[in-house]
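Please open the structure in your viewer and keep the selection tool at hand. The stops below take you from one selection to the next and describe what is found at each.

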There are 2 protein chains.
Amino acid sequence: MAPEEPGSTPSAPAPDGPSPARATPPTLLDLSTYLLSRTGKAARSRLAERLARRGLRLWDMAVLAALADFGPHAQRDLVRRLGVDASDMAKVADQLALAGYVERARDAADRRRLSVTVTEAGRALLAELRAEALAVQDEVLAPLSGTERRVLHELLARIHAELPGTP
Amino acid sequence: MAPEEPGSTPSAPAPDGPSPARATPPTLLDLSTYLLSRTGKAARSRLAERLARRGLRLWDMAVLAALADFGPHAQRDLVRRLGVDASDMAKVADQLALAGYVERARDAADRRRLSVTVTEAGRALLAELRAEALAVQDEVLAPLSGTERRVLHELLARIHAELPGTP
DNA sequence: CGAAATTGTGGGTCTGAACCCACTATAGGC
DNA sequence: GCCTATAGTGGGTTCAGACCCACAATTTCG
């Protein structure tokens with residue numbers, strides 16, 4: 001299991017890297033679980049940070065995307081599609097409506113329902129957010145070639161498709 | 001931009017999937033950022049949940065791995081290597097020592113330093129945790145073949161290597 | 001009609017992660 | 001010997017995410 005390596009005693013300047021003893025344990029690097037978790041976290045936090053600068057959260061983007069892709073939803077359908085808590089969705093929708101990115105209207109057929117629709121401003125915002133996400137992607141995937149990025153995307157898509165959403 | 005699709009009105013039973021209107025917005029699925037974030041989160045939370053059943057956190061595993069891979073560390077070196085807050089590391093080390101997975105001893109040369117060493121119990125635990133991580137990996141990467149998993153691992157490793165740790 | 005279920009909302013809690021400061025003990029420069 | 005820097009610790013705060021309950025308005029079922 002090769003447990004013996006100096007590292008703590010800097011007597012032998014191991015050819016590991018520039019800084020001393022900063023390397024991640026191989027036991028962790030061997031785990032795809034670990035790499036996936038780490039890179040995923042990097043991607044998420046970078047995007048979240050960019051959205052935060054606009055006063056937005058990741059859920060805001062998800063809601064806009066759902067509305068732009070699939071058309072108007074009742075709030076409960078957004079809840080089902082995105083797997084958020086209904087109460088949290090109410091808050092997100094409220095914020096987005098206040099900022100003018102979506103419009104809410106009582107459904108005439110069932111007046112309990114609130115039908116949510118993207119506005120033009122919402123679509124424009126979504127386009128910008130998409131650009132931000134692509135920028136982050138470019139940062140994170142910097143070491144990969146175009147082909148490699150496509151391969152990665154395809155593999156991740158297959159994994160994602162099989163993940164239990166909230167069934 | 002193909003914004004028009006029924007989805008909300010279940011008049012047309014689109015051949016999307018079994019459950020109605022549960023599909024993730026393509027705008028999100030197109031982003032490798034999103035897929036990376038989602039799959040990474042799935043991996044991390046699954047592993048975290050397994051560790052929690054043993055009363056452990058992810059950091060415990062990271063510390064054990066560092067000690068097993070690189071030998072004894074002063075606490076401050078663990079802090080540097082893993083990028084944790086010194087105060088938090090103190091707590092983790094304390095827990096691990098209490099449970100008998102590591103031993104702490106004052107460094108004779110510099111009596112401010114606490115030298116942390118894995119015990120046999122610690123190594124045994126790490127082996128079990130590694131097995132748990134591999135089990136999670138098998139769950140998450142289920143849709144991929146062996147070759148594909150190797151490709152994915154290699155791509156992720158390259159990405160991870162270029163991520164700014166905390167320099 | 002009356003009872004039961006559903007939709008949206010407001011106001012919480014609980015958890016983990018990350019961070020920060022004050023303090024003690026020790027070391028090292030001068 | 002003094003003065004500054006460093007190692008570890010204890011006791012916090014802050015923040016986001018997920019969750020949960022009680023409630024009003026409304027629909028639907030018996």
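Begin in chain A by selecting strand E2, residues 102-106, together with E3(A), and you will find that five bridges join these two strands, which run antiparallel. As a landmark within this pair, pick out Glu103(A), which stands opposite Thr117(A) in E3(A). Please keep in mind throughout the tour that this is a predicted model.

Now keep strand E3 of chain A, residues 114-118, in the selection and add E1(A), to which it is joined by two bridges, again with the strands running antiparallel. Here the residue to label is His73(A), whose bridge partner in E3(A) is Val116(A).

With these strands in view, widen the selection to the whole of chain A, whose secondary structure comes to seven helices and three strands. If you follow the chain from the N terminus on, the elements appear in the order α-α-α-β-α-α-β-β-α-α. Of the 167 residues in chain A, 34% count as buried, and among contacts in this chain between residues at least 6 apart in sequence, 47% join residues at least 24 apart.

For one residue in this chain, select Ala68(A), whose place is in helix H3 of chain A. Is Ala68(A) buried or exposed? Ala68(A) counts as buried because it has 20 C-beta neighbours inside 10 Å, and 20 or more is what the term buried requires. Add Leu126(A) to the selection as well: although Ala68(A) and Leu126(A) are 58 residues apart along the chain, their C-alpha atoms are separated by 8.5 Å.

Move next to chain B and select its three strands, which form an open sheet in the order E1-E3-E2 with antiparallel pairing. Strand E1 (73-74) and strand E2 (102-106) of chain B are the edge strands, each of which pairs on one side only. Between E1(B) and strand E3 of chain B, residues 114-118, the antiparallel pairing extends over two bridges, and Ala74(B) can be found opposite Ser115(B) in E3(B). Then add helix H5 of chain B, residues 86-98, which packs on the sheet and touches E2 and E3 of chain B, its direction making about 115 degrees with that of E2(B).

Show both protein chains together and turn to the contact between them, which takes 63 residues from chain A and 62 residues from chain B. On the side of chain A that touches chain B, at least two residues each are supplied by a set of elements that includes helix H1 (26-29), helix H2 (32-53), helix H3 (58-70) and helix H7 (146-162) of chain A. Which of the elements should be selected for the largest share of that side? The choice is H2(A), from which 13 residues come. Colouring the residues of this side by class will divide them into 34 nonpolar, 14 polar and 15 charged.

If your viewer can superpose chains, place chain A on chain B, which takes a rotation of 180 degrees with 0.0 Å of shift along its axis and gives an RMSD of 0.0 Å. That is the relation of a two-fold axis. The same surface serves both copies, since 98% of the contact residues of chain A recur in chain B. To find the rotation axis, centre the view on Gly40(A), which of the residues of chain A comes closest to that axis, at 2.3 Å for its C-alpha.

The next selection is DNA strand C with the 20 residues that surround it, of which the closest are Gln75(A), Arg76(A), Ser87(A), Ser87(B) and Arg111(B). H4 and H5 of chain A together with H5 of chain B are the elements that give two or more residues to this surface, and H5(A) gives the most, with five residues. By class, the surface near DNA strand C has seven nonpolar, three polar and 10 charged residues.

End at DNA strand D, where Ser87(A), Gln75(B), Arg76(B), Ser87(B) and Ala90(B) come nearest among the 20 residues around the strand. Select helix H5 (86-98) of chain A, then helix H4 (75-82) and H5 of chain B, each of which supplies at least two residues of the surface near this strand. The largest share, five residues, comes from H5(B), and the classes on the surface near DNA strand D come to seven nonpolar, three polar and 10 charged residues.

Technical notes:
Residues are numbered from 1 along each chain as its sequence is written. Chains are lettered from A and ligands numbered from 1 in the order in which they are written. This is a predicted model: local features need pLDDT of at least 70, side-chain atom pairs count only at pLDDT 80 or more; totals for chains, interfaces and linings use all residues. Two strands pair if DSSP finds at least two bridges between them. Helices (H or I, at least four residues) and strands (E, at least two) are DSSP runs, numbered from the N terminus. Two residues are in contact if their C-beta atoms, placed from the backbone, lie within 7 Å. Axes are lines fitted to C-alpha atoms, for helices over the stretch in contact, and angles run from 0 to 180 degrees between N-to-C directions. Ala, Val, Leu, Ile, Met, Phe, Trp, Tyr, Cys and Pro count as nonpolar, Asp, Glu, Lys and Arg as charged, and the others, Gly among them, as polar. Copies are superposed by least squares on the C-alpha atoms of residues with pLDDT of at least 70 in both. A residue is near a molecule or strand if its C-beta atom, placed from the backbone, lies within 6 Å of it. A residue is buried if 20 or more other C-beta atoms lie within 10 Å of its own, exposed if 12 or fewer, and partly exposed in between; C-beta atoms are placed from the backbone.
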